[in-house]
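Colleague: Let us go through the packing of this chain. I will ask, and you answer from the model.

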Amino acid sequence: MCKVISVANQKGGVGKTTTSINLGIGLAKKGKRVLLIDADSQGSMTASLGIQEPDLLDYTLATVLGKIINEEEPDLSEGILVHDEGICFLPGNIELSGMEASLVNVMSREFILKTYVNQLRGMFDYVIIDCMPSLGMLTINALVAADSVLIPVQTHFLSAKGLEQLIKTIGKIRRQLNPKLRIEGILPTMVNGRTVYSKEILQLLKDGYGSRVDFFESSIPEAVKASEASALGVSIYKHDPKGKVAMAYESLTREVLARE
């Protein structure tokens, strides 16, 4: 059984890409076959996996979606790259910005990505989709294609405030387009355990949403090492294997596996 997880939050800078990569590589370290899909036109995940110039790539997620829109059969192996740390990934780049606009006029536009992902289910144990920081058509496609959504939330007031809209959108997609979609959990990120403020925001989140949505017991601490790993094109496990961020993502990986 393949599990498809979309990592989503309409606010940028909350650790979506870092979480997608380190959860994916964490699962691969446990023997799982993992595909990451970069569904963000900024190509942040692609760059963080060592591709210096994502916008120069010939074959990306935009190519795949274009083929499906034109009713062409995509070659499932084409465009999928292999990272040194045991995961496969389908890159994304600026061409996805044009795709966002093109999808508006397409028949069954919310199901284009799902058509592709469903064909991959026999090849992988986990497919993780890194969404763009918006609730546009590509993010809706990712949520329709997914079995569950993992929501990274920075322990800052504005991040907490924006969570309500995302949860409403997920509920609407569940009712109208993907009745099997569930929330995998809320993952607190960039947590500064030394400050009272960070703890207060985390408690505010749990008070406001804890009765409706699961929270992961794991939380990801604030650390420069995570940004350094992205710049080097490697995971936190390779860059700082004994550090607190690596241990936090190891814990998150175990929680996700426990929910299989």
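Modeller: Contact here means heavy atoms within 4.5 Å. The model is predicted.

Colleague: Leaving aside neighbours within four places in sequence, which residues is Ile-151 in contact with?

Modeller: Sequence neighbours within four places are left aside. What remains for Ile-151 is Ala-8, Asn-9, Leu-163, Leu-166, Ile-170, Ile-183, Gly-185, Ile-186 and Leu-187.

Colleague: Which helix gives the largest nonpolar core its largest share?

Modeller: The largest nonpolar core holds 52 residues, and those touching the most other members are Leu-113, Ile-129, Ile-151 and Leu-163. The largest share of this core is seven residues, and they come from helix H6 (residues 137-145).

Colleague: How many residues are in the second, separate core?

Modeller: Val-34, Ile-87, Ile-128 and Val-245 are included in that second core. Its count is 30 residues.

Colleague: What arc around the axis do the buried residues of H5 cover?

Modeller: In helix H5 (residues 112-120), Ile-112, Leu-113, Tyr-116, Val-117 and Leu-120 are buried. They lie on the same side of H5, because the arc they cover around the axis is only 120°.

Colleague: Which elements do those buried residues of H5 pack against?

Modeller: Both strands and helices are on the list. The strands are E1 (3-7), E2 (34-39), E4 (88-90) and E5 (126-131), and the helices are H3 (61-69) and H6.

Colleague: Leu-204 is in a nonpolar patch on the surface. What is its relative accessibility?

Modeller: Leu-204 sits in helix H8 (residues 196-209) and forms the patch with Phe-157 and Tyr-197, about 310 Å² of accessible area together. Leu-204 counts as partly exposed because its relative accessibility is 46%.

Technical notes
Residues are numbered from 1 along each chain as its sequence is written. This is a predicted model: local features need pLDDT of at least 70, side-chain atom pairs count only at pLDDT 80 or more; totals for chains, interfaces and linings use all residues. Side-chain values use heavy atoms; hydrogens and water are left out. Patches are made of residues with over 30% relative accessible area and no salt bridge: like charges are joined within 9 Å, nonpolar side chains (Val, Leu, Ile, Met, Phe, Trp, Tyr) within 5 Å. Accessible areas come from the Shrake-Rupley method with a 1.4 Å probe; for residues, only the protein chains shown count as cover. A salt bridge is a side-chain nitrogen of Lys or Arg within 4 Å of a carboxyl oxygen of Asp or Glu. Helices (H or I, at least four residues) and strands (E, at least two) are DSSP runs, numbered from the N terminus. Buried means under 20% relative accessible area, exposed over 50%, partly exposed in between (1.4 Å probe, protein chains only). A nonpolar core is a set of buried Ala, Val, Leu, Ile, Met, Phe, Trp, Tyr and Cys residues joined through side-chain atoms within 4.5 Å. The arc is that of the directions from the helix axis to the C-beta atoms.
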